[in-house]
Amino acid sequence: MKAFSAINSTNPCLPNTHFLKVSIFHPFFKFNPFGHAANRAHKLPFTISCKLKSSQDVENKGKSVSQKIVLSEASSPPLTEDDGTNGDTGDVPQSSKKKKGGPFGLLNMLRRKTLQILSSLPLAIADMFAAAALMALGTIIEQGEAPDFYIQKYPEDDPVFGFFTWRWILALGFDHMFSSPVFLGVLALLGASLMACTYTTQLPLITVSRRWSFLHSAEAIRKQEFSESLPRASIQDVGTLLMGAGYEVFLKGPSLYAFKGLAGRLAPVGVHIALLLVMAGGTVSAAGSFRGSVTVPQGLNFVVGDVLVPSGFLSSPTEAFNTEIHVNRFSMDYYESGEVSQFYTDISLRNMDGKEVMRKTISVNDPLRYGGITIYQTDWSISALQILKDNEGPYNLAMAPLQINGDKKLFGTFLPVGDINSTDVKGISMLARDLQSIVLYDKEGKFVGVRRPNSKLPINIDGSEIVIVDAIGSSGLDLKTDPGVPVVYAGFGALMITTCISYLSHSQIWALQDGTTVFIGGKTNRAKMEFPEEMNLLLDKVPEIVESTLSKQADSISG
């Protein structure tokens, strides 16, 4: 709440000027009614009735205390610079001082030394480079493979860089980099460094920024980054203009202090907290999640807990792990060229009693989420081919993936013809690239024809009539539980907001009324080039006190 008072005074320093326009009732306001103005020749009093909180509150509680603020045009007495504490710093009796020593003194010294080391900027930079190097290494080294894979890929007889073999990977846990003790240790050290920096540097800066520090000498004001003097001006007019420019303004006798952009000082602490949230969420994701993959033919089911594998020591299963997933149907969409464009899986989730609790058709980039478990559509295959042979069946022939060059998929199956116990078994070969069509070859390997599933068109091969009834697809699903994702998202959101806020300038301005002259100075932590321009524009608006007005007012006072 701001108090506004206007006076029409004969004081030559303040003709028709707003005398007070400050945050008197600010919670941190400290009132000093007996300042330098009390000793001046011409005194201009006015009274404010308010409830003051002081050391005598016990006696005066509930009483209305009247205090008087006085301002004069006479020259001020010798001035000194305020120490910024706004309070007395009397001598502390020796008897009240506690001697530091013993185990408590040693612990305090160790604490300070530890904070000094952890808050070191070189240490924080080294931690960030180490974390970045480990993350890059984790993208190069294949993750989550069996030990035999690393033994073959990184053999001891041909080490990478002359020393790096599978033993390093398995010993340091680089086969699961982001949950390895080395990576988590680096993150923990970086987090400790951020917290120590916040405690030793950022929080003290905030405390200093919130403190009202009045300067009581023109020399101290001239030492600021920007300084100027106004020969015929009123400090109250300066305060009014500063308030209009968005500053919080405080007056104490002939001194003025103003600031704005305190959020810019708070933002670095928010940035550190956001980074800690990101690292904490990443740690929970790496050491507390479950992951698993499964390929399920159409019409079959599986239990979630049988697929998911814990990723670290923080992983803990939930009740949703008992859920059964049934693949109702698998289907595909195709481009005009015949290439697969999208594939879908209609799945049902059932509880332990067999009751369906959820059903959804998922596709790539459209997963299903239930009980903290996310089910992604990631792959497909053909599991079986259903045929009729000579009007008998249907028979289900298992389809197997075949290795070919490139990234094209190819699946095949074989229908024996003749004596199946012979050492030289021959039969009909059937190949498929997708669920649209099946290519058939006779026992000599010659092309016979193409048939679409469900077309019901027979084809004669080596004396047998074959009908392709259906091609049964399999859905490739990835399952994941990741409790750290909300924390990471919150951390990144806070990081973006606090980073933008940190670009706000925290500007401070001091002013001093010395006779008819106002000395004004200020500084800012950002926008160093724009700050002087802003100040000059504000000072150009300060009204000048005309000499004729001063003379008339002086004559009226002397008369």
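This tour goes from the whole chain to one sheet, the helix lying across it, and three local backbone features.

**Whole protein**

Start with everything displayed, bearing in mind that the model is predicted. The protein holds 13 helices and 25 strands. Colour by accessibility next: of the 559 residues, 39% are buried. Switching to a surface view shows an accessible area of about 31900 Å², with carbon and sulfur atoms contributing 57% of that surface. For contacts with a separation of 6 or more, 59% link residues 24 or more positions apart.

**The five-stranded sheet**

Select strands 5, 25, 24, 7 and 6. In that order they make up an open sheet with antiparallel pairing. Its edges are strand 5, residues 226-230, and strand 6, residues 248-252, each of which pairs on one side only. On average, neighbouring strands here are turned by 15 degrees against each other, with direction ignored.

Narrow the selection to residues 255-260 and residues 507-514, which are strand 7 and strand 24. Six bridges join this antiparallel pair. Within the pair, which residue of strand 24 stands opposite Leu 256? Label Ala 511 to find it.

**The helix across the sheet**

Add residues 530-539, helix 12. Helix 12 lies across strand 5, strand 7, strand 24 and strand 25, the last of these covering residues 517-524. Relative to strand 5, helix 12 runs at about 15 degrees.

**A cis peptide bond**

Move to residues 392-398, strand 16, where Pro 394 is found. Display the backbone between Gly 393 and Pro 394: the peptide bond there is cis, and its omega is near 10 degrees. Most peptide bonds are trans.

**Two positive phi values**

Most residues other than glycine have a negative phi. The next two stops have positive values.

Select Lys 456, whose phi is near 65 degrees. Lys 456 sits in the loop that connects strand 21 (447-451) with strand 22 (459-461). Is Lys 456 buried or exposed? Its relative accessibility is 70%, so Lys 456 counts as exposed, the cut-off being over 50%.

Continue to Asp 462, another non-glycine residue with a positive phi, here about 50 degrees. Asp 462 belongs to the loop between strand 22 and strand 23, the latter spanning 464-481. With a relative accessible area of 33%, Asp 462 is partly exposed, because that class lies between the limits of 20% for buried and 50% for exposed.

Methods:
Residues are numbered from 1 along each chain as its sequence is written. This is a predicted model: local features need pLDDT of at least 70, side-chain atom pairs count only at pLDDT 80 or more; totals for chains, interfaces and linings use all residues. Side-chain values use heavy atoms; hydrogens and water are left out. Two strands pair if DSSP finds at least two bridges between them. Helices (H or I, at least four residues) and strands (E, at least two) are DSSP runs, numbered from the N terminus. Axes are lines fitted to C-alpha atoms, for helices over the stretch in contact, and angles run from 0 to 180 degrees between N-to-C directions. Contact means heavy atoms within 4.5 Å. Buried means under 20% relative accessible area, exposed over 50%, partly exposed in between (1.4 Å probe, protein chains only). Accessible areas come from the Shrake-Rupley method with a 1.4 Å probe; for residues, only the protein chains shown count as cover.
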